[in-house]
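Trainee: Could you take me through the charged side-chain pairs of this model in some detail, and tell me how far the coordinates behind them can be relied upon?

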Amino acid sequence: MSKRKAEPSQRLTKRRRGGVPTFGAETEDDRINLASSLSTASAFSTRSVLSTGPIPNLSVLCARSFVANLRALHESRNDWEITLKWLKLMPDNLVPKLFAMLRSSCPQILTNAMITSYFLRGPSIVLTSDVPAVNKITISAVAGASNSLHELHLTGFVKFADSVFATVLSSMSSLRVLVLRGCAKVGSATVEAAARSCPLLSTANFNYTAVPPVALVPLLKTCSDLKVLKLAGIPNWTDATFTKLSFAVFQDESFILTNIQTLKLRQLGLSESSINSFLARCPNLSRLDVSFTQVHRLPPVLLTEARIEKLSLTSTAISSVDVVALISSLPHIKSLALGAIGGGQGSSVAIGNTSTMTMTDRTLESLADVLKNFGQLEKISLVGNTKLGATSRHSGALKYFIRYVGRECKYLNLSGVHHLQSIHLSGLLPQEAENQTPRLEQLILNNTGVDGDAAPYLACCSNLVVLELAGTKMSSAGLFSVIDTCPKLQTLNLTSCRSVSVTDRRRFFEVRVAGIRPA
């Protein structure tokens, strides 16, 4: 049997396997994003709008001008040498902001020598794997930043050993913020180095690393000012490994993590009892994320006493009754994520399994009756709750929720609620008694049943900055009317909008300016 010759694209894919991720490659959070199963060929249309805020100060304007002209300066040898001399003279407090702008706009120009010579100073250092020139030598050079460094962000370095990061931390006694998100080999040595050398830590982000539970023991005992602890997606967190941490610190009834305000346990393989035992030691929590865990019930008394402001329960198996009861006890809530409730039960794989979803129209109505009296709520996500609207396609629960809760928030995500129809968005219209426009600034409706009939409802949201309509049947004519009445709108997601021309999806604002209206 003859063998087919591999296509060029296939050969290229094989060569890339196991190599350095391409610039702009998706992150771990992208792969678990519940917004939708969008095509990789996303189509975002953007525009700049006139700022109504305060005029930027002179240093910001100068930095913007420098970044905009960096390529031209780089091409001229004489100009480039002069530029580097001026960079050497820049005050330390301005370096982090300029470096951030350069990473965003022209990362290819940044070399290892340039980064280590001019940008590893100031109160904050941020290095990411998105910058091609950053390597082990660059990270090791951070150790020379001296005691003036207060924040260190090293993210996405999946290949570097635990010892590399541990060595960097050995001389940072003034460090307050440590972010090692996505550094897959960070483990015990790094955490022990942080506990030994960084007693002033207030933030520790170990998301998507390999830090075992027991390694946190010296950190929790030494860093009494710790306020933020993030542990999402660490693969070796199980009840068996957590027992070592629990035995070392939680056996002492007087050991309380008084200052912990933010706790992220997303995607950990812990049982409900282990998670609740951790929560019991954090009486002052204000932000909690237990998404994609095996939690079935959270003790309301723990969260009520903690005055929770942000809560994420996405893809947990909490029952509808318990969800409503729990939220009812959190009057200070500002941000709430209730995506795919009942769907995942600790796994992102089951997110599309409609039969396991537990949030129904009746639950949504009960939830709306609770939340409409919560004046501080600003952000809510119901992404992936596929049973919503199944029994009330023409009005019902979705319209009721949007009218009394959704329009009062600044952020609303209804992606993947397949039964959501345009008529449900009529809840966005101003009420007769109070002619106020919705507060919404970001509205996400990807992969719903919304079409051109939603235009008049969306058009009344004059505060919109971001509108996502990927995978819907929204028409070009409807979008024009939305753009005309939403002067703050900067971003449109029109991926797979079949009623919009493929050539127009990434340049829809330009099409509008050109006056090309559909017949």
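Mentor: What follows looks at the salt bridges first, then at charges and rings, and lastly at confidence.

The model is a predicted one, and in it the count of salt bridges comes to 10. Side chains of opposite charge can pair when their charged atoms come close. One of these pairs is Arg297 with Asp322, whose closest N and O atoms are 3.0 Å apart. This pair ties together distant parts of the chain, since Arg297 sits in the loop between β8 (287-289) and α14 (300-306) while Asp322 belongs to helix α15 (residues 320-328), 25 residues apart. Asp322 has a relative accessible area of 17%, and because buried means under 20%, Asp322 is classed as buried.

Another salt bridge joins Glu408 and Arg407, with an N to O distance of 3.6 Å. Here the partners fall into separate classes of accessibility: Arg407, at 2% relative accessibility, counts as buried, whereas Glu408, with a relative accessible area of 30%, is partly exposed.

The side chains of Arg507 and Glu510 also meet in a salt bridge, at 4.0 Å from N to O, a value that lies at the edge of the rule, which asks for a nitrogen within 4 Å of a carboxyl oxygen. Arg507 is partly exposed at 33% relative accessibility, and Glu510, with a relative accessible area of 51%, is exposed. Salt bridges with shared partners bring Asp504, Arg507 and Glu510 together in one network.

Charged side chains also meet rings in this model: Lys372 lies over the face of Tyr404, at 5.1 Å from the ring centre, and Lys379 lies over the face of Tyr411, at 4.6 Å from the ring centre. As for rings with rings, the count comes to eight aromatic pairs. Among them is the tilted pair of Trp237 and Phe242, with 6.3 Å from centre to centre and 45° between the planes. Both Trp237 and Phe242 are buried, and ring pairs link these two residues with Phe250 and Phe278 into a cluster.

On confidence, the protein chain averages a pLDDT of 88, and 87% of the residues score at least 70. Over residues 1-40, however, pLDDT stays under 50, and the model has 36 contacts beyond four places in sequence for that stretch. The pLDDT is also below 50 over residues 345-350, a stretch with 14 contacts beyond near neighbours in sequence. Where pLDDT is low, the predicted coordinates should not be read in detail.

Conventions. Residues numbered from 1 in each chain as written. Predicted model: local features only at pLDDT ≥ 70, side-chain atom pairs only at ≥ 80, totals over all residues. Heavy atoms only, no water. Helix = DSSP H or I, 4+ residues; strand = E, 2+ residues; numbered from the N terminus. Buried < 20%, exposed > 50% of the residue type's maximum accessible area, 1.4 Å probe, protein only. pLDDT = per-residue confidence, 0-100. Contact = heavy atoms within 4.5 Å. Phe/Tyr/Trp six-rings, centres within 6.5 Å; stacked < 30°, edge-to-face > 60°. Lys NZ or Arg CZ within 6 Å of the ring centre and 35° of its normal.
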